[in-house]
Amino acid sequence: MESSKGGGWSKGGQESAMDAVPYCCAACDGGEVPGRGHAIRGRPKARSLSAAPALGSCTDFRRTQSLHGPSPVTTFGPKACMLQNPKAVMHIQDPASQRLTWNKPPKSVLVIKKIRDASLLQPFKELCIFLTEVKGMIVYVERKVLEDPAIAGDESFVAVKKKFCTFREDFDDISDQVDFIICLGGDGTLLYASSLFQESVPPVMAFHLGSLGFLTPFNFDTYQSQVTQIIEGNAAIVLRSRLKVKVVKECREKKQGVVDDKGLILTNGDTDTARRAMQYQVLNEVVVDRGPSSYLSNVDLFLDGHLITTVQGDGVIVSTPTGSTAYAVAAGASMIHPNVPAIMITPICPHSLSFRPIVVPAGVELKIMLSRDARNTAWVSFDGRKRQEVCHGDSITITTSCFPVPSICFRDPVNDWFESLAQCLHWNVRKKQNHLSSEEEEF
């Protein structure tokens, strides 16, 4: 589905080169993106959207994308795709009818196992033997999994290990080689699987062998029949949206001085400012916090170029609907079903009685920067990984990605979600009230 004008997303679901187009906020002087952060920080702060210029003025704010989230890419890895529903309206498919199908029979599978967990050794071996010898699949395993002494020293497993294809995180690209993924462990294994694929993600089947298991609906007791169903393409899926995060960091270096006739280096103390950009795909949340500092974090939060508020507290969480049941719910946020197109903004211990969590449309662009008068730096992490410091001049831009994680359901997206709420979080568990007897009703 092609989004509305200026949506920044092409018909095939690929992101356009929106970053190359100069982008202006409501009150700026037309400066391009690199100068936008400085221009905003240099002006008196607007506390809300109501402070923006009125529509029709010479500084009209024009959206660069739709409030709707991007159309998700519906091809997952090299062979999987979503079964098309001919009754779909406006090419928007009902989430309840989203089912997995294969363009070609799957031949390769990535098995992700929780590291340093002895209880998973036997299930891992059983599954790998089943996949290689019974199903004839090519099995990909991370190299550090096979370095576990309990696996490396098992002579009965040597013949199976020789059939594995191994890879190393951040070194080997397996995005076009894996047809689907099987996770053994807790929710962290699904988050790790997401981090391995920065674009299209193969379908993920997650077995509940960890502690919580909110995102892992399958029981390992019947793994053979369940894996067989997936290989045959008989399964419902839920598209878990991810956040596309761009971190731009300023790198300041001293200018090289001039050597005089006495061999001394002369410099006026000026610095060269360069920018370094990094991108991440995030399944749960982006967390900006105060780190080791004892001061409040003080960060400005922009929405589509407008300064909407300044966060003063321990930090702020920007989460997907999937992440709403993780750190965000512990910080007081609502729980959102993964099929709802939205982004949640949750403050962490704000020093304000009125700062409540909010939900914004999936298509907005959020930007987080240190406030001009912040006493300390901040720290940011992505699904609990890649933690790094945020200094003055750095920016974190967040919007919805067009590459979701296709998570395979045990039953369907609705039943699986409420089952997880009940079993994992004990949602609305309370001792039932006794009914009134006939004598009590008279009073």
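Tutor: Two strands pair if DSSP finds at least two bridges between them. Strands themselves are DSSP runs of E with at least two residues, while helices are runs of H or I with at least four, and both are numbered from the N terminus. This is a predicted model, in which local features need pLDDT of at least 70 and side-chain atom pairs count only at pLDDT 80 or more, whereas totals for chains, interfaces and linings use all residues. Residues are numbered from 1 along each chain as its sequence is written, and side-chain values use heavy atoms, with hydrogens and water left out.

Student: How many helices and strands does the protein chain have?

Tutor: The protein chain has ten helices and 24 strands.

Student: What makes β2 and β3 a pair?

Tutor: Three bridges join β2 (residues 80–82) to β3. The definition asks for at least two, so these strands pair. They run antiparallel, and one of the bridges sets A80 opposite W102 in β3.

Student: What is the order of the open sheet of three strands?

Tutor: The order is β1-β2-β3, with antiparallel pairing. β1 (75–76) and β3 (100–102) are the edge strands, since each pairs on one side only.

Student: What makes β9 and β24 a pair?

Tutor: Four bridges join β9 to β24 (residues 405–408), and the two strands run antiparallel. Four meets the requirement of at least two, so they pair. In this pairing V238 stands opposite S407 of β24.

Student: Which way do the residues of β9 point?

Tutor: In β9 (residues 237–240), I237 and L239 point one way, V238 and R240 the other way, and all are buried. In a regular strand the side chains alternate between the two faces of the sheet.

Student: Why is S241 called buried?

Tutor: Buried means under 20% relative accessible area, exposed means over 50%, and partly exposed lies in between, using a 1.4 Å probe and protein chains only. S241 has 18% relative accessibility, so it counts as buried. S241 is in the loop between β9 and β10 (243–254).

Student: Which residues does S241 touch?

Tutor: Contact means heavy atoms within 4.5 Å. Setting aside residues up to four places away in sequence, S241 touches L283, T320, P321, T400 and P404.

Student: Why does K79 count as buried?

Tutor: K79 has 17% relative accessibility, so it falls under the cut-off and counts as buried. K79 is in the loop between β1 and β2.

Student: What joins the side chains of K79 and D179?

Tutor: A polar contact of 3.4 Å joins them. A polar contact is a pair of N or O atoms within 3.5 Å; within protein, one must be able to donate a hydrogen and the other to accept it, and residues adjacent in sequence count only if both atoms are side-chain atoms.

Student: How many aromatic pairs does a search of the whole structure find?

Tutor: The search finds twelve aromatic pairs. In one of them, the ring centres of F207 and F218 are 5.9 Å apart and the planes are at 55°, so the pair is tilted. F207 lies in β8 (residues 204–208) and F218 in the loop between β8 and α7 (223–231), so the pair ties together parts that are eleven residues apart in sequence.

Student: How do you know that F207 and F218 pair, and why is the pair called tilted?

Tutor: Rings of Phe, Tyr and Trp (its six-membered ring) pair if their centres lie within 6.5 Å; planes under 30 degrees apart count as stacked, over 60 as edge-to-face and the rest as tilted. The 5.9 Å satisfies the distance and 55° is in the remaining range, so tilted is the name. Both F207 and F218 are buried, and ring pairs link them with F130, F220, Y223 and F410 into a cluster.

Student: Why is α6 described as largely enclosed?

Tutor: Seven of the nine residues of α6 (residues 187–195) are buried, so the helix is largely enclosed by the rest of the structure. Among the buried residues are L190, L191 and Y192.

Student: How does the reach of α2 compare with the expected one?

Tutor: α2 (residues 121–134) has 14 residues and reaches 19 Å from its first C-alpha to its last, close to the 20 Å expected. The expected span is 1.5 Å times one less than the number of residues. Just after α2, G136 takes a positive phi of about 65°.

Student: What makes I317 buried?

Tutor: I317, in β17 (residues 315–319), has a relative accessible area of 0%, so it is buried. I317 and E285 are 32 residues apart in sequence and 6.5 Å apart in space, C-alpha to C-alpha.
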